[in-house]
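Biologist: I have not read a model of this kind before. Could you take me through it, one feature at a time?

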Amino acid sequence: MRNVCVHTLPKSIDDALEIVQQDPRTSAYLGGGTALAERDDPSLETLVDLAPLGLNRIETLGPELRIGAMVGLEIAKNSTALHSIGNGILAQAIDSTRTQIWRNQATLGGRIMEAEPGDLVLPALLSLGASLCILRAPGTPEERVRIQDMATLEPGDLLLAVTIPIASGWRHAAEWMRISALDRPVAACFVGLHVVDGRIDAARVACSGLGPRPFRARNVESALSQRPASLESFESFQSALQSDMQPPGDLRASPAYRAQLGRVLLGRALRRAASVPP
Amino acid sequence: MTRETRRVLLEVDGNQVQAEILPGDRLLRVLRALGFSSIKYGCDTGDCGACTILVDGIPHFACLYPAVRAPGRALMTVAAMGHTDALAPLQRAFLERGAAQCGYCTPAMLLVAHALLQREHVIDEASVREALGGVLCRCTGYLKPVEAIRACSANQSAEAALPVVDSAPAIDAIPSASRTRGG
């Protein structure tokens with residue numbers, strides 16, 4: 001933020017969009033500010049502050065939970081609405097993201113848009129079937145983008161909120177591993193199983209740390225379809241994960257270690273999800 | 001494009017202070033330039049916690065906090081807690097238990113503890129470790145600060161009267177999460 005010349009408080013959401021979209025390369029939305037400050041991008045000249053725009057509400061609207069992009073992570077973590085959805089996996093993922101002091105400032109929207117490789121919030125949202133509420137141009141209606149399609153977002157698009165379906169019959173569990181308490185996870189697997197008459201009707205499996213960015217493991221999901229929910233054996237799903245992931249190597253783990261860890265975490269998460277009472 | 005300097009009033013430790021801020025300034029630079037040197041410069045990326053400050057009573061990293069958002073908010077540094085001749089109970093507890101060594105992280109730890117005690121009068125060890133998780137210490141570790149903070153909480157008043165007994169070595173055990181966590 002060292003070269004920022006202008007800080008604006010827009011009067012409306014359309015105002016904010018207009019200003020940033022004049023030049024998205026040199027302008028940015030200011031949410032919590034943690035990512036912008038950490039990145040310290042020297043090309044950034046204009047900050048458009050989202051604080052006055054009322055994007056900080058958590059609401060239950062019909063069959064879904066809507067969480068504003070400006071909701072602070074620590075506030076979200078403590079929200080009873082988040083604890084009551086998806087066996088509380090999103091609240092747990094947030095609780096394990098960085099530190100409490102950092103979460104006091106960081107926002108959910110910022111965390112999503114950062115899409116860090118080892119993030120926990122994004123795979124939690126993927127496994128919950130979340131969607132992003134996006135504005136692409138002033139005066140246009142809000143668009144829904146499934147979170148797995150967020151690569152289609154353009155620079156200057158404004159994230160307003162995240163919606164999570166409130167659906168019954170889903171069992172959720174997550175597993176992750178990190179080297180120390182405050183480190184980012186080496187790998188994580190989030191599982192959601194929709195069970196009808198004792199069989200898996202639909203599955204959402206999301207991973208992070210096992211590819212360049214968090215992803216849905218489609219081959220694992222296909223392999224799970226119509227299997228008995230008791231899931232006594234996990235080998236076939238673990239080998240399906242092999243074709244879903246492209247584990248990177250870094251100072252925390254080699255690709256081979258990550259691949260093995262991914263299989264182990266997937267097995268544990270499936271076992272736990274299968275044992276969640278319906 | 002030229003940078004607009006803005007003259008603002010900040011409320012620091014209960015006093016109104018005039019400051020000149022640039023649009024991209026973070027609170028750490030602004031406050032240190034004003035002479036509030038108890039806010040330490042550390043990593044500048046929200047990892048070490050040495051720059052922690054209370055904003056409306058809530059701990060924040062001053063190195064990440066946009067200065068443009070500070071006007072109208074109550075900022076608190078450790079200087080507002082007490083001074084050499086009249087230490088706050090938390091400061092005294094830190095002193096009595098040897099919870100400070102080089103002192104670089106101590107202002108941050110005290111502020112985090114102050115915020116925690118304002119919020120919850122009865123605190124367990126896990127809450128203290130969770131709160132201190134954002135402040136890195138490489139001297140004393142965390143055992144003695146945790147003891148000092150717990151001694152100041154309402155439910156620990158009887159325990160605080162007891163002499164401090166050395167227990168297990170203070171390894172870097174913040175917060176006490178296991179290697180594998182999951183939902």
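Biologist: How many nonpolar, polar and charged residues are in the lining of the largest cavity?

Modeller: This is a predicted model, so read every value as computed from it. The lining of the largest cavity has 6 nonpolar, 2 polar and 1 charged residues.

Biologist: Which residues line the largest cavity?

Modeller: The lining consists of A:Gln100, A:Ile101 and A:Asn104 from chain A, with B:Pro59, B:Val112, B:Ala115, B:Leu116, B:Arg119 and B:Ala131 from chain B. Two elements give two or more residues each: H6 of chain A, and helix H3 (106-119) of chain B. H3(B) gives the most, with 4 residues. The space in this cavity is about 50 Å³, and the count of cavities of 30 Å³ or more comes to 1.

Biologist: Now the pockets. How much space lies in the largest pocket?

Modeller: About 950 Å³. It is lined by 38 residues, and those closest to its centre are A:Tyr29, A:Leu36, A:Arg39, A:Met113 and A:Glu114. The elements of chain A that supply two or more lining residues are strand E2 (27-30), H2, helix H7 (108-114) and strand E8 (158-165). By class, the lining of the largest pocket divides into 19 nonpolar, 9 polar and 10 charged residues.

Biologist: And which residues lie nearest the centre of the second largest pocket?

Modeller: They are A:Gly72, A:Ile75, A:Asn104, A:Gln105 and B:His60, out of 28 lining residues. The second largest pocket holds about 740 Å³ of space. Its lining draws at least two residues from each of helix H3 (73-77) and H6 of chain A, and from each of strand E4 (58-61) and H3 of chain B. H6(A) has the largest share, 4 residues. The classes here are 10 nonpolar, 11 polar and 7 charged. Note that A:Asn104 is also listed in the lining of the largest cavity.

Biologist: Next, the interface. How many residues does each chain bring to the contact?

Modeller: Chain A brings 44 residues and chain B brings 38 residues. Between them the two chains bury about 3,200 Å², with 51% of that on carbon and sulfur atoms.

Biologist: How many residue pairs are in polar contact across the interface of chain A and chain B?

Modeller: The rule finds 11 such pairs, both residues being at pLDDT 80 or more. On the side of chain A that touches chain B, at least two residues come from each of strand E1 (6-8), helix H2 (34-39), strand E3 (46-49), helix H5 (89-95), helix H6 (100-105), strand E9 (170-177) and helix H11 (255-275). H6(A) gives the most to that side, with 6 residues. That side of chain A divides into 18 nonpolar, 13 polar and 13 charged residues.

Biologist: Why can charged side chains pair?

Modeller: The general idea is that side chains of opposite charge can pair when their charged atoms come close. Across the interface of chain A and chain B there are 4 salt bridges by the rule. One salt bridge joins the side chains of B:Arg69 and A:Asp49, at 2.5 Å from N to O.

Biologist: How many salt bridges does the structure hold over all chains?

Modeller: The total is 33. Among them is the pair A:Arg66 and A:Glu142, whose closest N and O atoms are 3.0 Å apart. A:Arg66 lies in strand E5 (residues 64-68) of chain A, while A:Glu142 lies in the loop between strand E6 (131-135) and strand E7 (143-146), so this salt bridge ties together parts that are 76 residues apart in sequence.

Note on methods:
Residues numbered from 1 in each chain as written. Chains lettered and ligands numbered in written order. Predicted model: local features only at pLDDT ≥ 70, side-chain atom pairs only at ≥ 80, totals over all residues. Heavy atoms only, no water. Contact = heavy atoms within 4.5 Å. Buried area = accessible area lost by both parts, 1.4 Å probe. Polar contact = N/O pair within 3.5 Å; in protein donor to acceptor, adjacent residues only side chain to side chain. Nonpolar A, V, L, I, M, F, W, Y, C, P; charged D, E, K, R; others polar. 1 Å grid on protein atoms, 1.4 Å probe; cavity = no way out; pocket = protein on both sides within 12 Å on 5 of 7 lines; lining within 4 Å. Points joined across faces, edges and corners; volume = space filled by probe spheres on them.
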